[in-house]
Amino acid sequence: MTEPVTAPTWLQQDLRGELPEAVRGDGIRIWDSEGREYIDACSGAISVMSIGHGVTEVADAVAEQARVLAYVHSTQFRHPLGEELAEQIVRHAPGSLNHACFYSGGSEAVEAAVKLARHYHLLEGRDSKHRVLSRRRSYHGATLFALGVGGVPSRQAPYLPYLTTTPKQVECYPYRCPFGADHPCCDLACADDLERVIDEVGADFVSCYIAEPIVAAAGPGLTPPPGYYERIAAICRAHEILFISDEIVTGWGRTGKPFGIEHWDAQPDLIVSAKGLSGGYVPLSTVIFSDEIAGVFADASTPFVHNLTYEAHPLAAAAALAVIGIIDRDGLVENAARQGELLFSRLRLLAETEPLLGDIRGKGLLAAFELVADRDTRQPLDPALSVTRRVQRLARERGLMIYPGAGGDGTAGDQLLISPPLIVTREDVDLIVDLLALALADLHAELGL
């Protein structure tokens with residue numbers, strides 16, 4: 001019989017009692033209750049702490065808004081900060097994405113975007129269009145529908161009876177091409193595979209397609225080649241399928257551009273964004289959508305109804321406006337591009353002497369690495385070694401927080417992410433890579449490699 005848990009266990013990830021207790025943050029650093037200092041080289045959850053910890057300007061903006069107007073519901077009132085935030089967001093968004101609505105988290109935004117796409121098709125008389133397509137090695141949220149949209153079997157397995165899933169497009173994984181090592185690189189076959197999935201489901205039934213421009217946790221740093229999203233967007237247009245760019249991680253400068261999709265000459269119909277938008281100070285997400293979509297709703301005199309209690313929350317809007325203002329004022333998108341070049345340079349230099357480093361990928365300050373047993377054959381390490389978890393722990397013991405990703409399952413190497421706040425300096429980047437090198441040396445010692 002299992003012993004009952006008697007201590008509070010609100011932190012579900014800490015069942016083994018391994019995690020330190022954070023008590024303070026400042027800039028890119030966090031301190032725990034025992035006084036130990038950590039470099040937050042993953043911005044919390046890959047890209048949340050976009051402008052760093054302890055920014056008084058954001059805290060003051062939230063506190064002032066709480067004093068003035070803490071909450072109204074979006075069906076009863078508009079409020080000035082919501083209007084201003086929408087204007088700021090669409091000013092940064094690419095192309096004709098000139099409309100925005102707000103929610104609390106990424107999963108909510110993904111589901112709102114899917115509902116918006118479905119409602120758009122209904123208004124256009126395409127009643128059969130309702131299916132959502134995506135790729136393998138993709139993650140688009142933890143709520144049941146969003147979880148089903150993604151492609152992480154290990155996260156989906158306990159909930160399969162509840163999930164609505166569809167056939168998946170193959171992942172774009174240049175280091176391990178899904179079409180085999182002998183396949184010519186790169187004829188964009190992985191992009192063209194979307195046609196196969198559309199044919200399988202039936203174009204008349206497909207409402208939208210969703211993808212992260214650069215994959216985060218589900219396939220750390222997977223970065224398609226030039227032409228990939230141009231091909232994807234063309235396929236979607238040909239079949240009257242809306243293209244949703246999932247920028248929950250890649251938005252707001254993370255990759256060295258305002259939005260990750262801007263590394264390609266491809267225009268999505270919708271963008272979903274969260275995490276770094278409000279810098280972790282108050283939960284907030286947004287769906288940004290095109291003039292075409294907005295025009296269809298306007299012509300039909302029909303609102304889009306999603307109506308979550310905390311959508312467009314005034315405190316979240318205050319935080320986001322302050323965060324966006326700091327990103328613009330301090331040139332943090334440009335800093336992400338500049339420091340990202342140094343980060344990738346240092347990681348590649350480390351790979352010259354670290355035999356486990358098989359692949360380094362990503363853009364800007366979204367950097368990922370894949371650890372392998374043999375760099376020539378790209379053979380993964382034995383999953384029983386739990387290398388991803390070990391590296392994360394060893395890095396933490398060195399005072400470095402990095403983020404674990406999918407992999408380490410015998411079919412792909414162990415994969416982790418480095419994604420520090422956009423405020424990092426050259427000295428910070430050097431220290432991050434130096435600490436990673438020490439953690440990898442500790443791994444060799446621990447496993448006798």
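**Around helix H11, and a helix pair**

Let's start with helix H11 (residues 387–397), whose buried residues (under 20% relative accessible area with a 1.4 Å probe, protein chains only) are Val-387, Thr-388, Val-391, Arg-393, Leu-394, Ala-395 and Arg-396. This is a predicted model, where local features need pLDDT of at least 70, side-chain atom pairs count only at pLDDT 80 or more, and totals for chains, interfaces and linings use all residues. Residues are numbered from 1 along each chain as its sequence is written, and side-chain values use heavy atoms, with hydrogens and water left out. Helices (H or I, at least four residues) and strands (E, at least two) are DSSP runs, numbered from the N terminus.

Those buried H11 residues pack against S3, S11 (366–374), S13, S14 (403–404), S15 (414–418) and helix H12 (426–447); contact here means heavy atoms within 4.5 Å. Just after H11, Gly-399 has a positive phi of about 85 degrees.

Now for the sheet. S3 and S13 belong to an open four-stranded sheet with mixed pairing, ordered S1-S2-S3-S13; strands pair if DSSP finds at least two bridges between them. Its edges are S1 (22–26) and S13 (400–401), each pairing on one side only. S2 (residues 29–32) and S3 (residues 37–40) run antiparallel, joined by three bridges, and Trp-31 has Glu-37 in S3 as its bridge partner.

Elsewhere, look at H6 (residues 189–201) and H7 (residues 228–238): their axes (lines fitted to C-alpha atoms over the stretch in contact, with angles from 0 to 180 degrees between N-to-C directions) come within 8 Å and cross at roughly 20 degrees. That makes H6 roughly parallel to H7, a label for angles under 35 degrees. The contact involves residues including Leu-194 and Ile-198 of H6 and Ile-232 and Ile-235 of H7.

Terms used:
Parallel < 35°, antiparallel > 145°, perpendicular 65-115°, else oblique. Buried < 20%, exposed > 50% of the residue type's maximum accessible area, 1.4 Å probe, protein only.
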